[in-house]
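Welcome! Here are some exercises to work through with the structure beside you. Try each task on your own before you read its solution.

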Amino acid sequence: MDKLLKDKKAIAVFVLPAFILFTLILFIPICQSIYYSFCDYDALTKPTFVGLKNYKNLLIDDTMKIAVKNSLFFLIYSCVTQLIMGLILAGLLTNIEKGRNFFKNVIYLPCVLSSAALGLLWMFIFSPKLGINQILAKYGIEGPLWLMDIKNYIPLPMWVIAFVALWQYVGQSMMLYMAQISGINKSLYEASYIDGCSKVKSFRYITLPLIKPMVATAMSLNAIGSLKFFDLIFNMTEGGPNKKTMVLATHLYEQGFKYFKYGYASAIGTILLILCLLMTFLINNVFKTENYEM
Amino acid sequence: MKKKVLSILLTVAMTASLLAGCGSSGAAGGAAPAADSGAADAAAPAADDSAAPAASGDVQEITWMFWDDLNATEDLISKGYKETIDRFNKDYEGQYHCTPITTNLEEYYTKLNALVASGETPDVFIVSPGPNLTTYVEPGVAADLTPYLDADWKGTFSSDAVFAQQTYDGKIYAVPLNIAAACVFYNKEMFKEAGVEVPKTWDELIDACKKIKAAGHTPITISAGTAWCLSMLAGYLCDREGVDLKKIESGEESWNNTKTINAANKLIELSEYFQPTAAGDTNDVATAGLYNGEAAILIQGSWAIGQINGENPDFEQKCGVFQFPEIPGGNDPNRVIAKSDSLAMSATTKSPEAAIALMKYFTDDTAQKYTAEVGGKIPVTKVEYDASKAPAQLADVMDIFSNASSTFGFYNESLFSTEAGSTFDDNMVAIYLKEKTPEQAFDDLDKWYAANKK
């Protein structure tokens, strides 16, 4: 193995396919997209360079304001709830013997299902003519218009969709935390119990500090996932009513594929890229940790 | 440090998966790959649409692009198009062959544009007149059809007026296939029960709604979730109030004027009688509200006839049609909103003869008869059809259409760009949702025009 790693040619041969693929389908399109964000481009005619016009327009775009607000809401909501729910579930599941695998699978299941199908499913559940409101009506309660009520600053549909997203993705955070927890040496816990530590305290003083690096990873994944969140929203509300549930990705999609303003859509994409980089940078700095021997 | 670089690289990769994947237009990013996949996706269903033989020596192969899946569709008009294609392929066997490229409606223009951008424009493609067609006429994607029409074809059409929306500087760039008119559909039984006559004026309409509500029914079913449905009603109200859209488009008048404000106030007044879920209901849900007997009135284009009769055949006899009521003191009440499906030909097609032959099949007597008798749309040619075979509602629609003093397009398809149309739609929905006052909404439209109209 060491011999192989010293062979520069071998390294090059192994890295090359991934490198080419990465460059072709990721790096070049990103650069292209950044270039287009400075152009007027509708795919039917050649792009014309317009400087910062697209970015200036973004500043006065009302839908963009809604999209940024909703995306940030989504980011904060899912970072906080996924962290708490993921940790609780992971903590509970590592401590039970019976049914651990069963619950692990059940909780993780929505992660592997198609978001488009889940979006439709939940849309039916929250539709006023089917689903929850019909059940509520049986008890004489008039349910709210879950996906249509847009009176509040953060409209009800955003809360609903954020809840569905939590349900769908909490399994992923849970798995990450569980993997990290199961890597902690059992003797640490044994030592703490001998010293008279309770389960809750051992979770607080042993588990939490030791899984901190994973918290940073899970949170970055979460943050990026929620910033580029698209499918559930597109399938449940399409950004409506009246654009009140638009997020950055749906706004980008609409501008690009409905109005064919590829230049403008690329500018939104670039902003999204910058936001994602910024979030990763922030999270990695906040959770600066040294690695413990486990 | 190494870790940080790695994590940042990872982030770039993940974000880029959005850019390069579904959302991507950032992705324009991937203009080229997107185009490829578009072509591949679009071609895939086409392959099983017809047992297309590989183009052999002399057969001229052409493509036809359409916004519905010809095999899965329940829409009667789409089924008719499939018959036409099959007929064409059979009659011209060994000479021409047409392969349909089908997508769903939502993705139609995206895929069409991807094909155009990659130099594989379909030989014949369906397009809505208005700003959509303009997008293809201006860069020279659509061919000038005037010479072919002038030869011997144009005479078969019911009048030159059918080409009004397809004509640019005296040249015709697309051929209409059928016309649908926006009318008011109603449930005759509910009207009877509430003791209501067909309303002729605005006040009578409001009065009818009051009575229907008092009788315990929802008066109007409409979709604001699909914004153009609500915007169509707003368009009718504006036109009845006498709004001159041409003057607004040319900048002579502003959007914020007494007539538009009056129309918007009437929209708010009428919205008292909408079903409670109108804000989020889609077009299909709202239409179902009429044929399932949940509401008495639906304001919709006559293309809905196919859907209504297809989904609930029993409703055909209960369904009446009337013209959108007059606003006394306003504009001519005999103006009707009309919309047509049109076919355009690629300017770069290698087989214009085959393409024109195909387009002629869509406007021949067999196809046009089907349009009226089965599809329930208004034919564009002088064809004689059997009215007794046609859907019951078509006779009423034909009456309204033939009495029309003039027609006008959907407001959102009559503005200078698709986005301008959507902006109009969104502002109408905002008025309905009471997010904006009429004054604010039309002020916003004026501002948007100032910023975006070249």
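## Getting started

In chain B, buried residues make up 56% of the 454 residues, where buried means under 20% relative accessible area, exposed over 50% and partly exposed in between (1.4 Å probe, protein chains only). This is a predicted model, in which local features need pLDDT of at least 70 and side-chain atom pairs count only at pLDDT 80 or more, while totals for chains, interfaces and linings use all residues. Residues are numbered from 1 along each chain as its sequence is written, chains are lettered from A and ligands numbered from 1 in the order in which they are written, and side-chain values use heavy atoms, with hydrogens and water left out.

## Exercise 1: The two chains

Describe the make-up of chain A and of chain B.

Step 1. Take the helices and strands, which are DSSP runs numbered from the N terminus (helices are H or I with at least four residues, strands are E with at least two). Chain A has 14 helices and two strands, and chain B has 18 helices and 12 strands.

Step 2. Look at burial and extent in chain A. Of its 294 residues, 46% count as buried. Its C-alpha atoms fill a box of roughly 75 × 70 × 30 Å along the principal axes.

Step 3. Turn to contacts, meaning heavy atoms within 4.5 Å. Among those between residues at least 6 apart in sequence, the share joining residues at least 24 apart is 67% in chain A and 76% in chain B.

## Exercise 2: From H6 to H8

Work out how H6(A) and H8(A) are placed against each other.

Step 1. Two packed helices are described by the angle between their axes and the distance between the axes. Axes are lines fitted to C-alpha atoms, for helices over the stretch in contact, and angles run from 0 to 180 degrees between N-to-C directions.

Step 2. Helix H6 (residues 115–126) and helix H8 (residues 156–182) of chain A have axes that come within 11 Å and cross at roughly 130°. H6(A) is therefore oblique to H8(A). Angles under 35 degrees count as roughly parallel, over 145 as roughly antiparallel, 65 to 115 as roughly perpendicular and the rest as oblique.

Step 3. Find the residues that touch. H6(A) brings A:Ser115, A:Leu118, A:Trp122 and A:Phe126, while H8(A) brings A:Val160, A:Phe163, A:Val164, A:Trp167, A:Gln168 and A:Tyr169.

Step 4. Sort them by class: this contact has eight nonpolar, two polar and no charged residues. Ala, Val, Leu, Ile, Met, Phe, Trp, Tyr, Cys and Pro count as nonpolar, Asp, Glu, Lys and Arg as charged, and the others, Gly among them, as polar.

## Exercise 3: On to H11 and H14

Follow the packing from H8(A) to H11(A), and then from H11(A) to H14(A).

Step 1. H8(A) packs with helix H11 (residues 212–227) of chain A at about 165°, the axes being 10 Å apart. H8(A) is therefore roughly antiparallel to H11(A).

Step 2. Among the residues in this contact are A:Leu176 and A:Tyr177 of H8(A) and A:Ala218 and A:Leu221 of H11(A). By class, the contact has seven nonpolar, three polar and no charged residues.

Step 3. The axes of H11(A) and H14(A) are 9 Å apart, at an angle of about 160°. So H11(A) is roughly antiparallel to H14(A).

Step 4. The residues that meet include A:Met219 and A:Ile224 of H11(A) and A:Leu275 and A:Met279 of H14(A). This contact has 10 nonpolar, three polar and no charged residues.

## Exercise 4: Two loop residues

Where in chain A is A:Asn242, and where is A:Phe260?

Step 1. A:Asn242 lies in the loop between helix H12 (231–236) and helix H13 (248–258) of chain A. Its phi is near 50°, a positive value in a residue other than glycine. A:Asn242 counts as buried because its relative accessibility is 13%.

Step 2. A:Phe260 lies in the loop between H13 and helix H14 (262–286) of chain A. Phi of A:Phe260 is near 55°, again positive in a residue other than glycine. With a relative accessible area of 11%, A:Phe260 is buried.

## Exercise 5: A covered strand

Is strand S2 of chain B mostly covered or mostly uncovered?

Step 1. S2(B) (residues 96–102) is mostly covered, with seven of its seven residues buried.

Step 2. Check both faces. B:Tyr96, B:Cys98, B:Pro100 and B:Thr102 point one way, B:His97, B:Thr99 and B:Ile101 point the other way, and all are buried.

Step 3. Find the partner. Strand S1 (residues 60–66) of chain B runs parallel to S2(B), joined by seven bridges; two strands pair if DSSP finds at least two bridges between them. B:Phe66 stands opposite B:Thr102 in S2(B).
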